[in-house]
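Please walk through this structure with me, region by region, with attention to the backbone and to how individual residues are surrounded.

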Amino acid sequence: MLADRKLGGLLYGLKLALGAAIGYEIFVYLGPAYELAGSVIISAIIVSGLLNLLTMFSYCELAGIVPKEGGEYTYARTAFGDIVGFTTGCIRWLSSVIGGALAAGTFTLIFLELALPSFYQFGVQLPTEIVYPLIAVAIIWSLGRSSIRGSKRLGLLILGSVLIFFAIYALSGFWYLQREPTAPPQVLPTFSGMPRFLLAIAFVLQLFIGMRATVARVPQMKDPEKNAPRTFILATLVLLIVYCAVVYVGVTVVPPNGFFLKAAADKIFPLVNGIPMAGVIIAVIGMIVCLSGISSALMVQSSILSGMSRDGFLPKIVSSTSQSGTHRLAIIISSLSMVMFSVVPTMAAYLAVAAVLLNIMVFMIVNLSVISLRIKKPHRYRPFKAPFYPFSPISGIVVSLGLFASVLWIKETSFIDIPIFGGLMGMVFLSYYLRKIGLNRLKVATGGITLGFGGFTILLSYLIHASSEWPFGTLVPRPFTVFALAFAGVLSIIAGILNVNTRMRKNWLSHPSPSRKHLSHLTIVTGILICLLSPLSLLISSELLSIVILGIVGPSNLIFGVLLLEK
Amino acid sequence: MRPKQVFMLIIGAVQSAVSILGAILIGLLLLDPFALQIRFILDSLFLPILCSLIIFCFFSAISGLFLIHGAIDVL
């Protein structure tokens, strides 16, 4: 058992927590948060650090009770059952996919900003709309490959170099401020600025949130009851000091802008210690932490997918391991998903807000899981208990709700995110429902749908052939349309029959189940849809043929559905 | 591999490919500015019809994939 092998104490935990927390989020969220809230971003950092700490205690308690692969998915499933667990797993997986895509996008943007001027000097014009997705895909692909091979990450080296650089940055900044005195920035929020302050908290919370990746290791730590809270308190303190110092320098020296840390570095470093390329150093560090972020995202996603596969929500093959002990297929699926989100640069703003919303939702579910398990399983052994229970999880839930509301209320992009988010949630519930129905029953249902669709398509083809009018002109050639529709219709009918007429159907009919009813409903709905589609015939042909469609194809699909229901 | 499996595999592959192609073509028709003019000519009926056809293509593609899965599963 992994849980029996103790890996290390406080220092080990601290290294893990800081390594997981410091990532691409600094370069994605700090700038917009500064633009939104101004210098009160410093207070926002302190509040979000404390909120994160409270939720980390909840995470630790859950990791102690359920020391299994899958993270938040496993916790929520243990606390609330299959449907909430599956939904949480999908939300967490999606937030990780978006996070990885953002990291790839940020890496590419920084790289292009650094590299493009050099290309221009040599007279080479690079089309960014082509280069951007190519670089993003190449980065994800190469990191996905190295993850499959199980190569060791340079976590400690990255962490050390980033912390040393930020220490130099902050010290140089304070020295600069002594030489060039500036009025101290306003750090406390005003009442009128409260909504923007809340939004800034939601954004800068992402700077701490990566710490949760450490939680899975808590049961393996020496003396977890003492070392886990100390680890998270110390890590939060270190991060608070580093972030507050660096951001204080940045907001004092430069006005709000998207990449203010780099702008401040360009101003401070040449004057204080003669480093002319400080902005370049920041950019390089940004690229390194982005690479680390993609790697971590791949690990998180493969853990969730294999956990869901273990519990039967995904095919067993997803949790199969390669020779190096990594989940090869899970990593490939995750890499492809990240590629899908990362190839369009204009999506970055929406993705950033979507990731914030998803992460806040996961925080709420984790806190709710702690309360639920304390009530349902009060006597279960807990290697670590969240302090100040029930105030810590309840305050975590309340603050998360406030942050969620503030993001939806203020951020304009959330108006686009809401329908996308709703659609994604719909897909999650649909896939859960379909999974529960079972593959064999689904085959029969889609077979019925395809059969009806095939009949309808052939009739449509005949109608177009026989009609005297053709509203599409030369845009869509009529003979081609007739042939294509007839071909698709025949194909659909054959596929429909093959799907319905299988041995599996017989098995299904001999083992009736309540969900068969829902399946048959699906086929009936298709019949209704065909009936609704039939007005198309009114546009292109005589009334008689439209009656044929209305009278034969749609109702026959309906009858097919009803027959399935009755058998 | 039995002839029925080969048949299922071929039909499934062609079915999925045709459905995906159909969905893409209908999608392009929806996005094309010239098609937009046609949409006005045909009034508001054109858009829901094309959207419904895309949904049908989706089901059809799934049906094809199920056939492929069925053929491979038996092997």
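The paragraphs below go through a helix, a loop and a contact in chain A of what is a predicted model.

A good place to begin is helix α4 of chain A, which spans residues 72-80. Seven of its nine residues are buried, so the helix is largely enclosed by the rest of the structure. The buried positions are E72(A), Y73(A), T74(A), Y75(A), A76(A), R77(A) and A79(A), and the list thus includes R77(A) and E72(A) alongside Y73(A) and Y75(A). After α4(A) comes G81(A), a residue with a positive phi, near 100 degrees.

The loop between α14 and α15 of chain A also deserves a look at its backbone. F388(A), which lies in this loop, has a positive phi of about 60 degrees although it is not a glycine. F388(A) counts as exposed because its C-beta neighbours inside 10 Å number 11, and the cut-off for an exposed residue is 12 or fewer. In the loop between α14 (348-376) and α15 (391-410) one also finds P390(A), and the peptide bond that joins Y389(A) and P390(A) is cis, with omega about 0 degrees.

The last stop is K226(A), a residue of helix α10, which covers residues 224-253 of chain A. Because 13 other C-beta atoms lie within 10 Å, K226(A) is partly exposed. In sequence, K226(A) and F384(A) are 158 residues apart, yet in space their C-alpha atoms are 8.2 Å apart.

Notes:
Residues numbered from 1 in each chain as written. Chains lettered and ligands numbered in written order. Predicted model: local features only at pLDDT ≥ 70, side-chain atom pairs only at ≥ 80, totals over all residues. Helix = DSSP H or I, 4+ residues; strand = E, 2+ residues; numbered from the N terminus. Buried ≥ 20, exposed ≤ 12 C-beta atoms within 10 Å, placed from the backbone.
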